[in-house]
Amino acid sequence: MFKVPLNTTFIPFCLLLLFSASIPLKSVAQSVVIPIETQNNALVLQTDTNKHLGTIYFGKKLTNNKEYLQVPALYKQTSDYTGVLNSAYTSSGSRNLVEPAISVTHADGNNSLDLKYVSHDLKQIDNNVSLLSIVLKDPAYNFSVTLYYKTYFKEDVVEQWSSIQHQEKGEVTLHKFASANLYIKSAGYWLNQYHGDWAKEMQAEESKLTHGIKTLDSKLGTRANLFQPSVFMVSLGKPATEDEGTVLFGSLEWSGNFRTDLEVDFQDNLRILSGINNYASTYTLKPKEAFVTPVFLYTLSTGGKGLASRNLQQWARNYKLLDGKGTRLTLLNNWEATYFDFNESKLAGLLKDTRKLGVDLFLLDDGWFANKYPRNGDVAGLGDWQENKKKLPNGISSLVKEAQNNEVKFGIWIEPEMVNPKSELYEKHPDWVVKQPQREEHYFRNQLALDLSNPKVQDFVYGVVDGLFTKNPDLAYIKWDCNAVIYNAHSATIKNQNHFYIEYVKGLYKVLERIRAKYPKVPMMLCSGGGGRVDYAALQYFTEFWPSDNTDPLERIFMQWEYSYFYPAIATSNHVTDWGKQPIKFRTDVAMMGKLGFDIVVSKLSSDELKYCQDAIKNYDALKGIIWQGNQYRLSNPTESSVASMLYLDENKSSGVIFNYLVNYRYAVNSSSPILLKGLDPAKRYKIQEINLYPGTKSSIKGEATYTGDFLMKAGFNPDVNSSRTSVVLKIEAVN
Ligand code: DGJ
């Protein structure tokens, strides 16, 4: 049986079980209490006398974990009428009166579900990660749900999901099947959500949640984040700032339709229910089959948004992002330099430019394939993954060799999930295409999605990637694009059309699993006609993502700022292009804040511009360890100030880089006041020098002075940003 740890605070990363014997409160006799604790926070569950499992605490960890039991008595709220308002996983059709986490029709047609605690089990995976599972069962039906809580102690991150199964005499219909059901008590809730469109990704909006349900969702099928990503923040008590306040960051690890309901109930509690969107996705579950939901991810910070983001980034690099602690390749992409108009000799020139510029890899974009319907524009050829003989008579392999002759690597663009109706693939396999048999086709960028719920299509998509690597073993990089949403959702082969949206995503993951089993670490960029797809399920297979086709650096400052709350810089591909009106220095500096690439015509650069880029790439190579693996501190927010400023600092607080930009171009706007640094060691002395200087310019910053961390964090530093110094990159280093 379970033991009661007397002083639980010594036991790190623990999920502890207390017994009724040690509990002073009469009302909780015989109850099971499960504190799910990370370094700073706790989510505490408790069974009531009916064995319903509810949340009794969500917030900062208490020193004495027995005191969690005294929390419920502190609340003098109105009756909840149900006794299950705080349910850890709210079922529908029995006592519940609010938005359910799960809703089912049993094999006998009955619509009610009541889930009671049966048992729980804790596995310590390593000294930082534990996995708790809690089994809940319906007393009237042979139907159970297992709730999973995976905790990452140091990072204050929790992943939650559920597994639904039954042994009824026939199939059970799942109408709703959330991954997680949080229950939070606070004096007000502020939601920071995101919306977007092509070239306008990650637009933030903050509002106070009012009573009722606010739903964040997607019904797009593929590139599900195009209009709304699943990432969000909720501040508790008052809107959190960068460094103050309590804020929860949440997100669903799922690359398809998602749905997050944020319900402020009649007692003023916040209920967060997140999972696969049940829109057009009623799921039929056979006896003994398990429906495992995707993971809902969250981190809670009582030190503002900055801390939450650093925890999440740390977690992502340590546990989620493919090769998160590894290295990345700088590159030259030809998309905006050539679009579809290239041939071998043009590419030979670009390969030389790749070397001249000093980046690691040349990335050949869209337009290299298809013969019957050549890919000379976005209207034809997609799906026909054979080299276009006219453009590339000697094939990809000769380009890979040519790249080697130039001492650079070679990467290639694909969009293997999609097809143009004008293609041989469509002609041969119309049944592989997502479309309604009796309805007119409707296109997004002149194309349709392939039906990844069909195993033959999975083989085909896998074969596109495997074929490229088999023929070209030295291929060093893949850009995986996905430019269309799903209209007319229908599979020619799937038996139950209600399963289509879910099976599409599972099919995609099956393909990616196979690719990664054979090619574990080849860098792959997750691109989606801009930033339509990034999430942490997909990032298990990809080393980086493309945030947006909008590479105007001024826009990017804002967009990258928002992305950085949820994703680390090492995963964020930023390319220098000709978008926007900013000079090459500004464009390059902004792109250096993540994973640097270029998509420009190098031969059109002036000698100073080229020299600038070459030197900046050298600086980047020297600093990339800090940019990729360091801690990010947002110093001055471009939405609140005329100057944006972001610091990347290494773990030892010894070296860092500060990017500063003018974001307001009105008369005489400048960095009139110093910017306070963060995260430094107050006792260390630092020197600050400007780098990335444009040829022929001198810095107005005297690099000789030294300052204590204390001074820089309290009095600050002025990067001297103004209309003639719109982009200022500073290197900060501790001196002995
Ligand atoms: C959309 C991507 O976002 C672009 O970078 C480029 O690869 C095009 N697709 C190619 O069609």
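1. Domain bounds here come from an automatic or database domain assignment. For this protein, that assignment gives domain 1 as 13-185 + 261-299 and domain 2 as 632-735. Measure from centre to centre on the C-alpha atoms and the two domains lie 46 Å apart. Keep in mind as you read on that this is a predicted model.

2. On to the ligand. Which residues come nearest to it? There are 13 residues around the ligand, and the nearest are Asp 365, Asp 366, Lys 479, Asp 481 and Asp 549. Sorted by class, the shell holds 6 charged residues, along with 4 nonpolar and 3 polar ones.

3. Some distances at the ligand, for anyone looking at the side chains. Asp 549 has a polar side-chain atom 2.4 Å from a ligand oxygen atom. For Asp 365, the distance from a polar side-chain atom to an oxygen atom of the ligand is 2.8 Å. Trp 413 also puts a polar side-chain atom by a ligand oxygen, at 3.2 Å. As for cover, the ligand on its own has 300 Å² of accessible area, and the protein covers 97% of that.

4. Next, strand S22, which spans residues 409-414 and includes Ile 412. Is Ile 412 buried or exposed? Ile 412 counts as buried because its relative accessibility is 0%, and the cut-off for buried is under 20%. If you want a long-range pair to look at, take Ile 412 and Met 713: they are 301 residues apart in sequence, and their C-alpha atoms are 45 Å apart in space.

5. Compare that with a pair starting in helix H1 (residues 304-320), where Gly 306 lies. Gly 306 and Leu 635 are 329 residues apart in sequence, yet from C-alpha to C-alpha they are 9.7 Å apart in space. Gly 306 has 0% relative accessibility, so it counts as buried.

6. Then there is a pair with a shorter stretch of chain in between. Asn 142 sits in the loop that links strand S6 (129-137) to strand S7 (143-152). Its C-alpha is separated by 5.8 Å from that of Glu 168, with the two residues 26 apart along the chain. Asn 142 counts as partly exposed because its relative accessibility is 37%, and partly exposed runs between 20% and 50%.

7. Helix H9 covers residues 584-591 and is mostly covered, with 8 of its 8 residues buried. Which residues are they? The buried set is Ile 584, Lys 585, Phe 586, Arg 587, Thr 588, Asp 589, Val 590 and Ala 591. Charged side chains are part of that list, including Lys 585, Arg 587 and Asp 589.

8. Another lysine worth a look is Lys 595, which is in strand S29 (residues 595-598). Lys 595 has a relative accessibility of 1%, so it counts as buried. What does its side chain contact? The partner is the side chain of Glu 544, joined to that of Lys 595 by a polar contact of 2.8 Å.

9. On cysteines: how many disulfides does the structure hold? The count is 0. Take Cys 527, which is in no disulfide; its nearest cysteine sulfur belongs to Cys 482 and is 8.9 Å away. A disulfide needs the two sulfur atoms within 2.5 Å. Cys 527 counts as buried because its relative accessibility is 2%. Cys 613 also counts as buried, since its relative accessibility is 0%.

10. Two backbone spots to check on screen. Ala 199 is not a glycine, but it has a positive phi of about 65°. You will find Ala 199 in the loop between strand S10 (189-195) and strand S11 (203-208). With a relative accessible area of 11%, Ala 199 is buried.

11. The other spot is Asn 692, again not a glycine, with a positive phi of about 55°. Asn 692 belongs to the loop running from strand S33 (685-691) to strand S34 (706-708). Its relative accessible area is 4%, so Asn 692 is buried.

Methods. Residues numbered from 1 in each chain as written. Predicted model: local features only at pLDDT ≥ 70, side-chain atom pairs only at ≥ 80, totals over all residues. Heavy atoms only, no water. Near = heavy atom within 4 Å. Polar contact = N/O pair within 3.5 Å; in protein donor to acceptor, adjacent residues only side chain to side chain. Areas by Shrake-Rupley, 256 points an atom, 1.4 Å probe, with all protein chains shown as cover. Buried < 20%, exposed > 50% of the residue type's maximum accessible area, 1.4 Å probe, protein only. Helix = DSSP H or I, 4+ residues; strand = E, 2+ residues; numbered from the N terminus.
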